[in-house]
Structure formats: structure tokens, C-alpha cells
Amino acid sequence: MRVGMMNPFSVFPILDDLVDAFDSDKIFKLLHLPIQSASHPVLKKMNRLHKMDDVDEIITKFRTRFEDLSLFTDIIIGFCDETDEDFEETVEWVKKYRPEKINISRYSPRPHTKAFSFRNLDSRVSVKRSHELHKVCEQIKLESKREMIGWKGRAFVSKYTEIGDVLTRTDSYRPVVISGSDLKPGEYTEVEITGAKPGYFLGKIIG
């Protein structure tokens with residue numbers, strides 16, 4: 001089972017119970033926690049209900065319990081009146097916590113929302129910041145993938161690929177493709193990660 005996206009403000013009140021629930025052998029150790037921004041002024045203007053201290057505590061508790069945790073997040077770039085300093089806070093947060101996956105969106109106004117009446121940034125600024133954050137994320141992803149080469153552990157057989165290989169998932173939900181095996185979906189196997197592609201790892205059966 002993969003637990004879906006969770007807003008920090010709804011996680012924090014049940015944090016200890018949620019960490020205990022993740023201890024189940026049937027749950028992938030994947031935390032998808034959208035922060036949207038690491039700047040408190042921006043979060044307040046977005047009407048987000050969390051503080052970054054709460055986010056940091058959530059991640060720390062999960063990583064303390066699950067050393068191999070995968071972290072996903074979502075970030076909105078260029079929200080109304082976002083300053084260079086606001087943006088840099090978000091970049092520094094990303095560099096510190098190094099999520100495996102970040103969904104990056106550039107803000108655009110939506111009718112009938114409170115923010116629709118706010119002053120928008122020059123779109124060129126949002127594009128520049130988005131490109132900068134993408135570069136940081138790609139570098140983190142590349143380094144993380146390199147670090148995983150040689151990893152050994154349990155994987156769940158998820159499904160067959162279009163070319164007949166099998167897609168497995170580590171306990172932390174990392175995708176590992178195995179070729180030339182008779183594994184069937186629903187089984188577990190021990191694998192070693194031998195290589196990495198842009199969207200998945202390559203592996204082999206061990207043991």
C-alpha cells in the first residue's frame with residue numbers, strides 16, 4: 001500500500017500514530033508531503049495552515065524511524081509578491097532535505113480565488129526561478145541515483161512492463177526493473193540495484 005499525498009497541517013496532529021502506522025510491513029516507506037513554499041510570508045499569503053518547523057519535525061520523525069524513507073513534495077514557484085529571499089528559502093530547504101521527487105508548478109491566477117486580486121509577479125521571474133529550482137532538483141536526483149547503485153534489499157513485484165520485464169518496488173517505493181526473470185506480480189524478491197535510468201533503476205535478483 002502506498003499512502004498518498006498528505007498536507008502538513010493534517011499530519012502534524014496525528015504524527016506519532018501515523019509514524020507507527022507506517023511501521024506496517026504492508027506500507028511503502030514513502031512520505032509525500034507538499035510544502036508549496038519554505039517561506040512563512042508566502043505560506044501565510046497562500047492561506048496554508050502549516051509552519052516549516054512542523055514540516056521539519058514531521059520529516060525528522062519519519063527519517064529517524066525509517067532510514068531509507070523516500071520523500072516527495074510539491075512546490076509552487078512565483079506566488080504573488082514572492083521575493084528573491086522567499087525563493088531562496090525554498091531552494092535552501094530543498095538542498096537540506098533532498099526530496100527524491102519534487103512536483104514544481106508555476107503559479108497562475110485562478111478566477112474566484114482570493115489570490116486572483118493579488119499583484120502577480122512578472123512571468124519572466126517565475127520562469128527563471130522555476131528553471132533554477134529544476135536544476136537543483138535534477139542535481140539532487142542524479143546524486144541520489146548514484147548513491148543507490150549497489151543497494152541490496154527486498155522488493156515487491158508490482159507488474160509486467162510493456163516489453164515483458166517486471167517492475168518491482170523497494171520498501172521505499174523506488175522502481176527497479178528486472179529483466180529475464182519468471183517473477184510474478186504480488187511476489188517479493190531480493191534485488192540488487194545495478195544501474196539507473198531517468199525514471200527508474202535497473203536491478204537483478206540476488207539470493
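The buried residues of helix α6 pack against five elements: strand β2 (70-77), helix α5 (84-97), and strands β3 (101-106), β7 (188-196) and β8 (201-205). This is a predicted model, and α6 is a good place to enter it.

Which residues of α6 are buried? They are S126, R129, S130, L133, V136, C137, I140, S144, K145 and M148. Look at the spacing along the helix. An α-helix has 3.6 residues a turn, so residues three or four places apart point the same way. The buried set includes R129, L133, V136 and I140. Charged residues are in it too, R129 and K145 among them.

Now check the length. Helix α6 covers residues 123-148, which makes 26 residues. At 1.5 Å a residue, the helix should span 38 Å. The C-alpha atoms at its ends lie 37 Å apart, so the two values agree. After α6 comes G150, with a positive phi near 95°.

Step back to the whole chain. It holds six helices and eight strands. Starting at the N terminus, the order is α-α-β-α-α-β-α-β-α-β-β-β-β-β. Contacts in the chain with a separation of 6 or more can be split by distance along the sequence: 69% of them join residues 24 or more positions apart.

Finally, overall extent and surface. Along the principal axes, the C-alpha atoms fill a box of roughly 60 × 40 × 30 Å. The chain has 207 residues, and 44% of them count as buried. About 11700 Å² is exposed, with carbon and sulfur atoms supplying 51%. Charged side chains number 33 positive and 33 negative. The centres of these two sets lie 5 Å apart.

Technical notes. Residues are numbered from 1 along each chain as its sequence is written. This is a predicted model: local features need pLDDT of at least 70, side-chain atom pairs count only at pLDDT 80 or more; totals for chains, interfaces and linings use all residues. Side-chain values use heavy atoms; hydrogens and water are left out. Helices (H or I, at least four residues) and strands (E, at least two) are DSSP runs, numbered from the N terminus. The expected span of a helix is 1.5 Å times one less than its number of residues. Buried means under 20% relative accessible area, exposed over 50%, partly exposed in between (1.4 Å probe, protein chains only). Contact means heavy atoms within 4.5 Å. Accessible areas come from the Shrake-Rupley method with a 1.4 Å probe; for residues, only the protein chains shown count as cover. The place of a charge is taken as NZ of Lys, CZ of Arg, CG of Asp or CD of Glu.
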